[in-house]
Every structure is written in structure tokens, then in C-alpha cells.
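Let us look for the empty spaces inside a protein. Keep the model open as you read.

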Amino acid sequence: MAAEIVNPRSDSDTGTGTQNASDEPFDPAFALHRGGKMAVQATVPVRDKDDLSLAYTPGVAKVCSAIAERPELVHDYTWKSQVVAVVTDGTAVLGLGDIGPEASLPVMEGKAILFKQFGGVDAVPIALATTDTDEIIDTVVRLAPSFGGVNLEDISAPRCFEIERRLQERLDIPVFHDDQHGTAIVTLAALRNAAKLTGRGLGDLRAVISGAGAAGVAIAKFLLEAGIGDVAVADRKGVVSRDREDLTPVKRELAELTNKAGLSGSLESALAGADVFIGVSGGTVPEPAVASMAPESFVFAMANPNPEVHPEIAHKYAAVVATGRSDFPNQINNVLAFPGIFAGALQVRASRITEGMKIAAAEALAGVVGDDLAADYVIPSPFDERVAPAVTAAVAAAARAEGVARR
């Protein structure tokens with residue numbers, strides 16, 4: 001009997017939304033996702049009544065009673081210190097936008113298996129049937145006793161900023177919005193190496209960021225924290241500047257922190273003489289704007305699947321080119337950061353992820369490249385087995401140094 005696959009076309013095309021495999025060309029993506037991409041697996045055997053009495057009743061009662069008396073033992077005798085909740089409301093999924101919690105699950109499952117594959121961290125996808133900020137926060141707080149950390153994923157801006165901030169205020173475990181900080185960490189690592197390759201430091205660079213959403217705002221703040229010379233951010237209406245009267249509170253704060261040069265107007269005009277372009281918005285940057293950048297510039301065009309500047313064009317003018325795609329060199333991929341960051345934080349039972357821990361992660365990631373640094377190799381591959389251990393160790397050490405480690 002032929003297997004049934006989900007038909008990616010609309011119901012009007014097929015009548016039912018599904019179709020027999022014999023009537024539809026084989027799609028490996030649907031084949032791989034059938035039944036989901038992950039499962040729960042026991043770490044202890046339950047082969048007989050003795051095993052059962054230890055794993056469940058009556059043996060489990062002893063452990064429960066001990067934890068009730070000393071709550072900190074939950075880290076030693078449950079999975080708490082080894083597992084992360086991957087939480088979304090499905091409002092900003094990849095390049096798909098607001099597709100809802102059910103449709104977000106394949107991405108959240110994917111995130112969970114990346115945690116395991118690249119960081120040895122167990123993760124559980126949790127897609128919430130609400131977009132209300134207070135409801136999301138309250139729900140995650142109520143779920144938190146089961147987890148050692150919370151990875152917020154694909155929650156739209158500007159709500160994502162408030163959700164992360166308020167959750168971290170209420171919880172004593174790391175809360176990390178990967179769309180913000182993971183992107184920023186990998187971007188900084190690549191930028192450090194690009195600057196090193198061309199004999200400059202971060203303080204010598206002026207950057208322009210296209211996109212003032214979660215990633216753009218986080219990258220701008222993080223680059224400032226790391227010591228970049230100047231950075232301006234542009235949204236759909238142009239450069240975020242103090243003279244604009246249409247700014248949200250988040251963008252108003254951004255205007256106060258960025259754009260020392262006092263630029264205004266379009267993204268294209270801001271690129272004139274700029275050392276760095278960072279794209280996290282989609283759209284297309286005209287070639288003349290790229291050509292107007294400073295000599296030995298860097299173009300990090302990270303929109304997927306279509307970079308803001310195609311590498312063929314970027315290479316005409318830039319010393320270093322990076323994208324978010326795996327089929328070009330220098331892929332800016334969050335998987336280089338979040339598995340090791342959580343592994344390091346969980347290892348020392350950190351209460352939060354600090355700016356210092358994120359800086360340490362970026363420095364460790366940049367350091368993996370080492371003496372192999374080249375224009376087409378400013379950031380390592382996600383499959384480089386040195387990455388996660390280096391980031392994990394750096395984050396754990398930084399957590400201890402910053403006083404947020406509990407072991």
C-alpha cells in the first residue's frame with residue numbers, strides 16, 4: 001500500500017490536502033518529517049519488577065522526599081539540569097512569519113535535535129496557543145520547574161524583548177532568545193575575524209544593519225558592547241535616528257544608543273563609506289550602494305533563502321562576504337552558538353546568561369578558526385567538532401567569573 005504524504009499544495013488543488021505518494025513526486029522533506037523528528041528515550045532500563053520498583057514506585061518516593069526537603073537536589077536526581085524548553089508562539093518562524101503554533105512545531109523539533117546533536121543538550125519543543133505577552137510569560141514561569149533553561153524561539157518583535165526580560169526577572173534559570181543573541185554572537189565572532197584578517201580592530205569599523213527586528217536590535221547592542229566604532233540601524237523607513245517621530249519604544253532606545261555619526265535617510269545613503277553591512281531583513285540592496293562602501297569592506301547578507309546582496313555581487317567590492325546559507329562560505333548560523341552556550345550554562349547551573357558569557361562565546365567561536373583564517377573562512381563550520389566544546393568551556397568559565405554559576 002502506498003504511503004500517504006502531506007501535500008504542500010492548497011486543499012483546493014487536491015480536495016483533501018493530502019495525496020497518495022504515487023500521484024505526487026517524492027519529496028524527501030516530507031518523508032523525513034513523517035512522524036516527527038524526535039522521541040523520548042529512557043536512560044535507565046525497566047526489565048523486571050526490581051527495575052520498576054526503583055524507577056517508579058516505591059523507590060521514586062525516596063527521591064521525591066529528599067527533593068522536598070532539599071529542593072536543590074532536583075538538579076542531581078532529575079533531568080532538570082540537562083534539559084531546555086524551546087518555547088515559541090509561532091509568530092516569527094524562519095522566513096515564514098506568523099504561521100501559528102502547530103505549523104511551528106517542525107522548526108521547534110529541528111531546534112531540539114540541534115541542541116542534542118551539537119551540544120549534547122536535551123530539549124523539548126513547546127508551542128503555545130497564545131500570543132498574549134502576559135499569558136506567555138505566566139505559562140513559561142509555571143513550566144519552569146521542569147527545565148534547566150528556556151530558549152525562546154521565533155517570537156515576533158517587539159514582544160520578544162519584553163518577554164525575555166520579564167522571564168529572566170522572574171526565573172533563576174537562563175532565558176535566552178536565540179533569534180536575538182545567537183545571531184549576534186555568531187555575527188560578532190565572524191566580524192572579529194574579518195577585522196583581524198584586514199589588520200583592523202572592531203573600534204575601527206562603522207557598520208550599517210538592515211533590519212530593526214529582534215536580530216537587528218540585538219546585533220547592534222552587542223556590537224556596541226564589544227566596542228565597535230559606530231553602528232547605524234535601518235528599518236523600512238530608513239535609518240533609525242533621533243529626529244524620527246515614528247519610532248517604537250524599542251527603536252527610540254536604539255536611536256539613543258547607536259548612530260554616533262548622526263546619519264538619517266535611506267539605508268543606501270548610510271552605506272556610503274561604511275565598513276560593514278549586516279543584513280537581517282530580507283529585501284535587496286542595490287549594487288551601487290554596495291559599491292559605495294569603504295575599501296576592504298565586509299558584507300554579511302544573512303537573509304534566507306535570498307541574501308540582501310548576492311555573494312557574486314558582494315565579492316566585487318568586499319574583502320569578506322558571509323551569508324546565512326550553507327551553500328556559500330562563511331555561514332552565519334546560530335547553531336554555532338546556542339548548543340554550547342546552554343551546555344556551558346547548564347554545566348555550572350548558571351542562573352542567567354550574561355553579556356560577559358555571550359562575549360566569551362563569541363571570542364571562543366572566533367578562536368576556533370585560528371591560523372586558518374582566510375577571506376572564505378572567518379567562521380567555522382557547524383560540523384567542526386571543536387566548536388561546541390570551545391563555546392561550552394568559555395561560557396562556563398565566564399559564568400563563574402561573573403558570579404552567576406552555582407557549582
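How many nonpolar, polar and charged residues does the lining of the largest cavity have? Remember that this model is predicted. By class, this lining has four nonpolar, three polar and two charged residues. Find them in the model: His 75, Ser 81, Gly 148, Ile 173, Pro 174, Leu 346, Arg 349, Ala 350 and Arg 406. The largest cavity has a volume of about 50 Å³.

Now count the cavities. There are two of 30 Å³ or more. The second largest has a volume of about 30 Å³. Its lining is made up of Ala 85, Val 87, Val 140, Leu 143, Ala 144, Phe 147 and Val 150. Sort these by class, and you get seven nonpolar, no polar and no charged residues. Where do they sit in the fold? Strand β3 (83-88) and helix α7 (133-143) each supply at least two residues of this lining.

Next, turn to a pocket. The second largest pocket has a volume of about 1000 Å³. Four elements give two or more residues to its lining: α3 (49-55), α4 (59-69), α6 (101-119) and β4 (122-127). Of these, α4 gives the most, with five residues. In total, 27 residues line this pocket. Gln 41, Ala 42, Thr 43, Val 44 and Trp 79 lie nearest its centre. By class, the lining of this pocket divides into 19 nonpolar, five polar and three charged residues.

How is such space found? Rolling a probe the size of a water molecule over the atoms shows where empty space is left.

Technical notes:
Residues numbered from 1 in each chain as written. Predicted model: local features only at pLDDT ≥ 70, side-chain atom pairs only at ≥ 80, totals over all residues. Heavy atoms only, no water. 1 Å grid on protein atoms, 1.4 Å probe; cavity = no way out; pocket = protein on both sides within 12 Å on 5 of 7 lines; lining within 4 Å. Points joined across faces, edges and corners; volume = space filled by probe spheres on them. Nonpolar A, V, L, I, M, F, W, Y, C, P; charged D, E, K, R; others polar.
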